[in-house]
Amino acid sequence: MISPHGGTLVNRRVSAEEREECLAKATNCRQIPVNGIAVSDLWCIATGIFSPLQGFMTQEDYVRVRDEMRLVTGEVWTIPVTLPVSKNMAQSLKEGDEVLLVSDDGSAVPFAVMEIQSLYRVDPRKEAREVFRTEEEKHPGVARLYEAPPFRIGGPIRLLQSPDFGLFTPYILNPEETRRRFREQGWERIVGFQTRNPVHRAHEYIQKAALETVDGLFLNPLVGHTKSDDIPADVRMRSYEAILSAYYPANRVIFGAYPAAMRYAGPREAVFHAIARKNYGCTHFIIGRDHAGVGDYYGTYDAQHIFRSFRPEELGIIPLFFEHSFYCRRCKGMASYKTCPHSREDHVILSGTKVRHMLRAGETPPPEFSRPEVVQVLIEGLRIKEEEQSD
């Protein structure tokens, strides 16, 4: 099985006995409230999804990642994983302190203890330019960056308890579990697929094209924080179940949710996603059109071009690049610009924004674009959501 990024699968979870000991020691520690995005990052760090990270980044790692897309130890890493704190909090802390990270919803649920090895201030605009390629606040990743205070604490963490993933709990698999399941299936070549959208015909086409050359597919949709206009995660999950049960061989697919937040960092996030799937045990990863993109901030295939910046052995996982796919009426099937000679008039292509507007209006996208089982789930799910919001 493929080695985790950095060579070792990180495990920063404590046992039940250790948890009580850690909590007792942390009685007098400063409590730091953390939001849902930080909590999901804690889980990803502690379970090894973000291997080789042992905790939130120190200043040295942060600067190297921001400017050079590498950790201090040399491994490829493209997205800063940092923990913001308020100015008052930063002024009350010092390096060497141990703090207790708790939920910020008023319940103060203790999630992790952290040793502060680094206290620093970031330059949000420089980070925006380097990571997101823009300083515009209308970019959702940049907006989130600007909303957070510029002060950071970094250091190793120990996870005291897992977050409550609610209805997603049955779908949350950590890398130890996925690697065991891949071995049990006898799979040696596994392709991962990341999405924050429902699986439409184009996604199905490239997944199955990849599946023709490997042993199994790990469908790993993101259920962490996304944009407000994205299809709600619980509705998407039902749509995935619908298409998998009707159109995929059960013995060739493992389905598990990816709990991290979306960063919307385009090319850099494509590499970040590939590394996470390598840690899950995937040997291949699909990079399609405008992976992790938003609006017109990135070129259509920039998320593929960035992989040229690294040697194959540095990444360890094999990226599979796919062209934009569509249904061609003359070919009478799914195709791409690599395989179809016909004009655009023959192609059924809808943008994600257009499809979301259609679904929310109760309109059915054409069957050449989306399977009817998926459309039914999405329209019904969005209708129920709107009724709940109106109440």
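**A walk from helix H3 to strand S5**

Start by selecting Arg64, which counts as partly exposed at 25% relative accessibility (buried is under 20% relative accessible area, exposed over 50%, partly exposed in between, with a 1.4 Å probe and protein chains only). Before moving on, know that this is a predicted model, where local features need pLDDT of at least 70 and side-chain atom pairs count only at pLDDT 80 or more, while totals for chains, interfaces and linings use all residues. Residues are numbered from 1 along each chain as its sequence is written, and side-chain values use heavy atoms, leaving out hydrogens and water.

Now add Glu68: its side chain meets that of Arg64 in a salt bridge, 2.8 Å from N to O (the rule is a side-chain nitrogen of Lys or Arg within 4 Å of a carboxyl oxygen of Asp or Glu). Both residues sit in helix H3 (residues 59-68), 4 residues apart, about one turn of the helix (helices are DSSP runs of H or I with at least four residues, strands are E runs with at least two, numbered from the N terminus). Glu68 is partly exposed too, at 45%.

Next, select Arg70, Arg311, Glu313 and Glu314 together, and you have a network of salt bridges. The count by this rule comes to 20 salt bridges.

Another one to pull up is Arg158 with Glu18, at 3.4 Å from N to O. Arg158 lies in strand S7 and Glu18 in helix H1 (residues 16-25), so this pair ties together parts that are 140 residues apart in sequence. Arg158 is partly exposed at 31% relative accessibility, and Glu18 is partly exposed at 31%.

Stay on Arg158 and step across to Val113, its bridge partner. That takes you from S7 (residues 151-159) into S5, the two running antiparallel with 3 bridges between them (strands pair if DSSP finds at least two bridges).

Colour S5 (residues 110-115) by accessibility: 5 of its 6 residues are buried, so the strand is largely enclosed by the rest of the structure. Strand S4 (residues 98-103) is also antiparallel to S5, joined by 5 bridges. Look for Val102 opposite Pro110. S4 and S5 make a hairpin with 6 residues between them, and Gly106 in the turn has a positive phi of about 100°.

Last stop: Thr134, in the loop between helix H5 (124-132) and helix H6 (140-147). Thr134 is buried, with a relative accessible area of 10%. Show its contacts (heavy atoms within 4.5 Å): leaving aside residues up to four places away in sequence, Thr134 touches Ala128, Arg129, His139, Val142 and Tyr297.
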